[in-house]
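Have a look at the model below and turn it around a few times. Then we can walk through it together, one piece at a time.

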Amino acid sequence: MTMMNSIPCMIMRGGTSRGPFLHMRDLPDSQEAQTEILLKLMGSGHALQIDGIGGGDPLTSKVAIVERSSHPEADVDYLFAQVDVLNRRVDFNPNCGNMLSAVGPYAIETGLVEPQEGTTIVRVRNLNTQRLIECRVPTPERQVCYEGDTRISGVPGRAAGIQLSFLDIDGTKTGALLPTGQATDTIDGIEVTCLDAATPIMMVNAADLGLSGRESPSELDDHPAMLKRLELIRRQAGRRMGLGDVSQSVLPKPVLVSAPSSDTATLCTRYFVPHRCHKAIAVTGAIAVATAVSVPGTVANRIAIGAEKLASDGRLSHVRLEHPSGFIDLDVEHRNGNPCDIARVSLIRTARKIMSGNIFYSLPSASSPDMLTSKAS
């Protein structure tokens, strides 16, 4: 016998991702109980997630959990959860900058933050990384505006631009920008850069794996020998970065880099999540790659167009990354002209409210009280 439960939910698109936004107070305290509920909500365990609201793809099997913050410099706390499509696994370790772009609008819509006239700055503490992000949300007449002229690659149409500024992003998971202590390491005969800025990544020159770096995501996903080798390298990189056994974690994320095809771009990327190629690129992954461009000796720095001048200047004002769906533009600010000390990275995303109401899930009646009791009760 099962019991049907419901909690308030708002489904939103954030950047190139989509998923439910929930109040932390509506979920149980323990992460184990949260995991069971999120798996039910998304319908994991089936390729189409047919019994939930997941879309059968990592980009649409994401959850944002938001609550008013106790941090003196933040308005709200944001916990991101990556829900596995096929397996009963939820990873609370990574961050998602795309979903983050909808946190500001969600906080305003649900009364966690009072809107201001014109633009409302929502200060977010990301609980996955314990870092702060400033979100500038357009609020004409003190209401969230979703309509606008901003276009981002990977999303049809145009919408209102939301500026995200990620602060003090060095070493979010490992405590160091270069957690192995050097710009490049050799793993399985391949030169690799292990870097931690907003999220831990490991970068490889696509040519070193016999690739052009411009293959489509489906072509790369249909390359089992390459994927197997990339995963072996990723696991060794995880150990060297101090992350331990990462076989059951999505971190670090692998990134293939190559020279851009456009003279207006800095670098071409193929980003994995981590066993399938992203159809665009994650915001946090883009931040890490953009950071790596100006760090002398990294794989990205050696390939990127104009990187030598940018690194020598000690300041990087703008990076444009190619990805399978188009481009992403980022502004990187270095503290005191030091390319290894990042003050902030800013970019523009868009978001949209899709629906609001209650979402239903069922749990076995024999479940523990903790699993069925929310913080609000």
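How many residues of domain 1 are in contact with residues of domain 2, and how many on the other side? Before answering, keep in mind that this is a predicted model. The chain is split into domain 1, made of residues 8-171 plus 351-361, and domain 2, which covers 185-339. So much for the bounds; now for the count. On the domain 1 side 20 residues take part, and they touch 23 residues of domain 2.

Let's stay with that meeting place. Going by C-alpha atoms, the centres of the two domains, 1 and 2, are 24 Å apart. Between domain 1 and domain 2, about 1,600 Å² of area is buried, with carbon and sulfur atoms giving 55% of it. Three residues stand out on the domain 1 side: Leu59, Ser153 and Ile169 supply 26% of the area that domain 1 buries against domain 2, more than any other three residues.

What about charges and polar atoms here? Three salt bridges are counted between domain 1 and domain 2. If you sort the residues on the side of domain 1 that touches domain 2, you get five nonpolar, ten polar and five charged. There are also seven residue pairs in polar contact across this interface.

One salt bridge to find on your screen joins the side chains of arginine 276 and aspartate 57, with N and O 3.6 Å apart. These two residues also have company, as Asp57, Arg276 and Lys279 are linked in a network of salt bridges. As a bit of background, side chains of opposite charge can pair when their charged atoms come close.

Now zoom out to the salt bridges in general. The count comes to 17. In one of them, the side chains of glutamate 109 and lysine 353 meet at 3.3 Å, N to O. This pair ties together distant parts of the chain: glutamate 109 belongs to helix H3 (residues 103-109), lysine 353 belongs to strand E17 (residues 351-364), and their positions lie 244 residues apart in the numbering. Are these two buried or exposed? Glutamate 109 has a relative accessible area of 31%, so it counts as partly exposed. Lysine 353 is partly exposed as well, at 32% relative accessibility.

Helix H5 gives you another kind of pairing. Arginine 234 forms a salt bridge with glutamate 231, and their closest N and O atoms are 2.8 Å apart. Why are they separated by about one helical turn? It is because arginine 234 and glutamate 231 are three residues apart in helix H5 (residues 224-240). Glutamate 231 has a second partner too, since its side chain meets that of arginine 235 in a salt bridge of 2.7 Å, N to O. Arginine 235 and glutamate 231 are four residues apart in H5, again about one turn of the helix. Burial is where the partners need a closer look. Both arginine 234 and glutamate 231 are buried, and for glutamate 231 the relative accessible area is 10%. Arginine 235, at 32%, counts as partly exposed.

If you want a helix that is mostly covered, go to H6 (residues 283-293), where eleven of its eleven residues are buried. Among them are Val283, Gly285, Ile287 and Val293.

Loops can be tucked away too, so let's visit two loop residues. Asparagine 128 sits in the loop between strand E6 (118-126) and strand E7 (131-139). With a relative accessible area of 6%, asparagine 128 is buried. What does its side chain reach? It comes to 3.0 Å from the backbone oxygen of proline 94, and a polar atom of the same side chain lies 2.6 Å from the backbone oxygen of phenylalanine 92. Beyond its neighbours within four places in sequence, asparagine 128 is in contact with residues including Tyr78, Phe80, Asn95 and Lys173.

The other stop is glycine 15, in the loop between strand E1 (2-14) and strand E2 (17-23). Glycine 15 is buried, with a relative accessible area of 0%. Setting aside neighbours within four places in sequence, its contacts are Asn98, Ser101, Ile152, Val155, Arg349 and Thr350.

Notes
Residues numbered from 1 in each chain as written. Predicted model: local features only at pLDDT ≥ 70, side-chain atom pairs only at ≥ 80, totals over all residues. Heavy atoms only, no water. Domains from an automatic or database assignment. Contact = heavy atoms within 4.5 Å. Buried area = accessible area lost by both parts, 1.4 Å probe. Salt bridge = Lys/Arg side-chain N within 4 Å of Asp/Glu carboxyl O. Polar contact = N/O pair within 3.5 Å; in protein donor to acceptor, adjacent residues only side chain to side chain. Nonpolar A, V, L, I, M, F, W, Y, C, P; charged D, E, K, R; others polar. Helix = DSSP H or I, 4+ residues; strand = E, 2+ residues; numbered from the N terminus. Buried < 20%, exposed > 50% of the residue type's maximum accessible area, 1.4 Å probe, protein only.
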